[in-house]
Amino acid sequence: MPLRSPLGSSSPAGFLLRRPFRSAALGLAGVFAMAAVSGTASAQAPRPGTGPASPDPQRGGEIARRWCATCHVVSSDQTQATGEARPFGSIARQPDFDAAALALFLLDPHPRMPDMGLSRAEAADIAAYIKSLAK
């Protein structure tokens, strides 16, 4: 009579899926998955002079001048915008300004804003740039 696995299968494969073996296999799979993910994350080179998670306001300013300056006044030396969107300095000086919330907002395109296809790092860089204008 063939051995039955806890899963109710009498096949040899079902027998191999006994709880101790399955737990060990899942544990090893988890270890390999974590190693793969951490290897991928560490393979991404951080921007020069910053850690991998620190936003770069200078880079955010460059992106803002390229993508946002048509509608927003993005810097003090900018002379023209559509006037339909608030200047970045005004946004930065709001009492409840939150750079993290702004970065999330930039990732989700809205009807009055184009879908710029920003990465999370780019959105965080733009938010850090806007925050730097609060002075």
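Good morning. I begin with the interior of this predicted model. Its largest nonpolar core comprises 19 residues, and Phe88, Leu118 and Ile130 have the most contacts inside it. Four helices, H3, H4, H5 and H6, each supply at least two residues of this core. The greatest contribution is that of H6, which gives five residues.

Let me stay with one of those well-connected residues. Which residues does Leu118 touch, once its neighbours within four places in sequence are left aside? The contacts of Leu118 are then Ile63, Leu106, Leu107, Ala123 and Ile126.

I turn next to helix H6 itself. H6 covers residues 120–132, which is 13 residues. From its first C-alpha to its last, the helix reaches 18 Å, close to the 18 Å expected at 1.5 Å a residue. The buried residues of H6 are Glu122, Ala123, Asp125, Ile126, Ala127, Ala128, Tyr129 and Ile130. Two names in that set have already been mentioned: Ala123 and Ile126 are both in contact with Leu118. The cover over the buried residues of H6 includes helix H3 (57–67), helix H4 (88–92) and helix H5 (99–107).

Now to the cysteines. How many disulfides does the structure hold? The number is zero. Why is there no bond between Cys68 and Cys71? The sulfur of Cys68 has its closest cysteine sulfur in Cys71, and the pair does not bond because the separation of 8.6 Å is too far; a disulfide would require the two sulfur atoms within 2.5 Å. With regard to exposure, Cys68 is buried, at a relative accessible area of 9%, while Cys71 is partly exposed, at 33%.

Finally, I address confidence. The protein chain has a mean pLDDT of 74, and 61% of its residues reach 70 or more. Among the elements of the chain, H6 has the highest mean pLDDT, 97, and helix H1, residues 12–16, has the lowest, 43. Over residues 3–33 the pLDDT stays under 50, and the model has 15 contacts beyond four places in sequence for this stretch. Residues 35–44 are likewise below 50 in pLDDT, and beyond near neighbours in sequence this second stretch has zero contacts in the model. Where pLDDT is low, predicted coordinates should not be read in detail.

To close, I return to H6: this helix gives the most residues to the largest nonpolar core, and H6 also has the highest mean pLDDT among the elements of the chain. Thank you.

Notes. Residues are numbered from 1 along each chain as its sequence is written. This is a predicted model: local features need pLDDT of at least 70, side-chain atom pairs count only at pLDDT 80 or more; totals for chains, interfaces and linings use all residues. Side-chain values use heavy atoms; hydrogens and water are left out. The expected span of a helix is 1.5 Å times one less than its number of residues. Buried means under 20% relative accessible area, exposed over 50%, partly exposed in between (1.4 Å probe, protein chains only). Contact means heavy atoms within 4.5 Å. A nonpolar core is a set of buried Ala, Val, Leu, Ile, Met, Phe, Trp, Tyr and Cys residues joined through side-chain atoms within 4.5 Å. pLDDT is the predictor's confidence in each residue, from 0 to 100.
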